Number of protein chains: 4
Amino acid sequence: MNDFVHVEKVRFRDLDPMGHVNNAVFLTFLEQARVAFFAEVGAATGLEDMNMIVARVEIDFKAPVRLGQEVEVSVRASRFGTKSFDLTYELGVDGEPVAEAKSVQVAYDYGRREPMPLPPEWRDKLTTIAA
Amino acid sequence: MNDFVHVEKVRFRDLDPMGHVNNAVFLTFLEQARVAFFAEVGAATGLEDMNMIVARVEIDFKAPVRLGQEVEVSVRASRFGTKSFDLTYELGVDGEPVAEAKSVQVAYDYGRREPMPLPPEWRDKLTTIAA
Amino acid sequence: MNDFVHVEKVRFRDLDPMGHVNNAVFLTFLEQARVAFFAEVGAATGLEDMNMIVARVEIDFKAPVRLGQEVEVSVRASRFGTKSFDLTYELGVDGEPVAEAKSVQVAYDYGRREPMPLPPEWRDKLTTIAA
Amino acid sequence: MNDFVHVEKVRFRDLDPMGHVNNAVFLTFLEQARVAFFAEVGAATGLEDMNMIVARVEIDFKAPVRLGQEVEVSVRASRFGTKSFDLTYELGVDGEPVAEAKSVQVAYDYGRREPMPLPPEWRDKLTTIAA
């Protein structure tokens, strides 16, 4: 069973005065991994299809990330409910963990502006990669 | 008992293609509130004094935030341990909640590059505002 | 004759490892001033109305900007052509100049996806404030 | 004669409500290309060595850049003075130009906090790649 892995390069602009990647940027790394994951499994082909809202994020910072490093973000669907699902992330640099995170997504009908039941095919798509 | 309140104006650059504030920017709002809180209570007078590391953040998104809005971020110290403490945040726009969050900070000796016991005076300073 | 002045507070996230505001953030300051200026003169009431594209920006950096500072951005319409117009900006902190800039905007029909003649009323609106 | 080329992937966070890369982010692309260029030619091996200040940037936007695209940024040293030098950039996506830019750098002694004469070896290093 293999998780999807997305690699993100650190930009100079990601750093803050402490000289390492600012903690808000980690949410951008999660977002990049999420968008790449959805594209990979065919759950969303573009911005218009991402019928979900991020309802919660929790993140544990393990080690600072610096300029010139590449962050490997592995992501997998770790829970499915009737209206929401969880993604679990592990972030590492050169094989060493730098952060762990979880996000909760709620399926959302942007037309009606309200949450909707999780489309059954999402579960299939989001778990195929870990087969 | 009053929490410290910091007000942050939404910038156009905070928005993403969905037309509302990107979720990573919420961590910047927390950071702004935290820096202002520490300055207010005298726990840190500048970048050099902020002898702590953010070890964990959890955030629940309640409602989208849009251009032209001001986000009120209330912050208070909600737990003290021997080496760490928690801050709890409530974010609102026009009195309506838009997010809730918690961050865990670890006292850190940047000279020795290792965690250190929480200085006793931090507790006094960080709780004065809620007296 | 008074220019429109927009005040922007420096965020911690605006800083880079050099400890001062990163140069890309200055374009965000210009954007904030521009959006506020258009709203003030009634040239655009929201995102949907901003029928223009920024075609060029030039900026001279005069002095570093630091955490805790407020940047005053004065902006005025300095040239009108048939399809474009210029905005000129002066950025200062505590009365001292920190940057000067100019941007060129092209009127754009987002429906037809092509440039359009500058609406005559824009000139009136954009120059009223300097009356 | 070949220019140095740096490739930057567009992030979702680089987009603004118009659905394309925000213009401030282009300065981050220039910065990334500049840092990579200096590292490549040995003019700076890390943050500590970048003894220069960006004094001016001018940029012409040619076409919008979208999610999923890669931006190729070619950069070359185009002028050397006694205290400053210019870099010229061409940004393209799939061979089509999206922007052109120029930045002026001033050699700066961070210890003395004042401009300094351009070190002669910089010229050699910054022009080697175009040999």
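**View 1. Order of helices and strands in chain A of the predicted model****.** Followed along its sequence, chain A of this predicted model shows the pattern β-α-β-β-β-β-β-α, which amounts to two helices and six strands. The radius of gyration of chain A is 15 Å, close to the 14 Å that the globule rule gives for 131 residues, so chain A is as compact as a globular protein of that length. Along the principal axes, its C-alpha atoms fill a box of roughly 45 × 35 × 25 Å, and buried residues account for 34% of the 131 residues. Of the contacts in chain A with a separation of 6 or more, 67% are between residues 24 or more positions apart.

**View 2. The side of chain A that touches chain B****.** Here 16 residues of chain A are in contact with 16 residues of chain B. On the chain A side, the elements that give two or more residues are α1 (23–41) and β2 (52–61), with the largest share, eight residues, coming from β2(A). Sorted by class, this side of chain A holds ten nonpolar, two polar and four charged residues.

**View 3. Pairing of β2(A) with β2(B)****.** Strand β2(A) and strand β2 of chain B (residues 52–61) run antiparallel and are joined by five bridges. Within this pairing, V57(A) stands opposite I59(B) in β2(B).

**View 4. Helix α1 of chain C****.** Helix α1(C), residues 23–41, has 19 residues and reaches 28 Å from its first C-alpha to its last, close to the 27 Å expected at 1.5 Å a residue. Because 14 of its 19 residues are buried, α1(C) is largely enclosed by the rest of the structure. Just after α1(C), G42(C) adopts a positive phi of about 80 degrees.

Definitions and conventions. Residues are numbered from 1 along each chain as its sequence is written. Chains are lettered from A and ligands numbered from 1 in the order in which they are written. This is a predicted model: local features need pLDDT of at least 70, side-chain atom pairs count only at pLDDT 80 or more; totals for chains, interfaces and linings use all residues. Helices (H or I, at least four residues) and strands (E, at least two) are DSSP runs, numbered from the N terminus. The expected span of a helix is 1.5 Å times one less than its number of residues. A residue is buried if 20 or more other C-beta atoms lie within 10 Å of its own, exposed if 12 or fewer, and partly exposed in between; C-beta atoms are placed from the backbone. Two residues are in contact if their C-beta atoms, placed from the backbone, lie within 7 Å. Ala, Val, Leu, Ile, Met, Phe, Trp, Tyr, Cys and Pro count as nonpolar, Asp, Glu, Lys and Arg as charged, and the others, Gly among them, as polar. Two strands pair if DSSP finds at least two bridges between them. The radius of gyration is taken over C-alpha atoms; the globule rule is 2.2 Å times the number of residues to the power 0.38.
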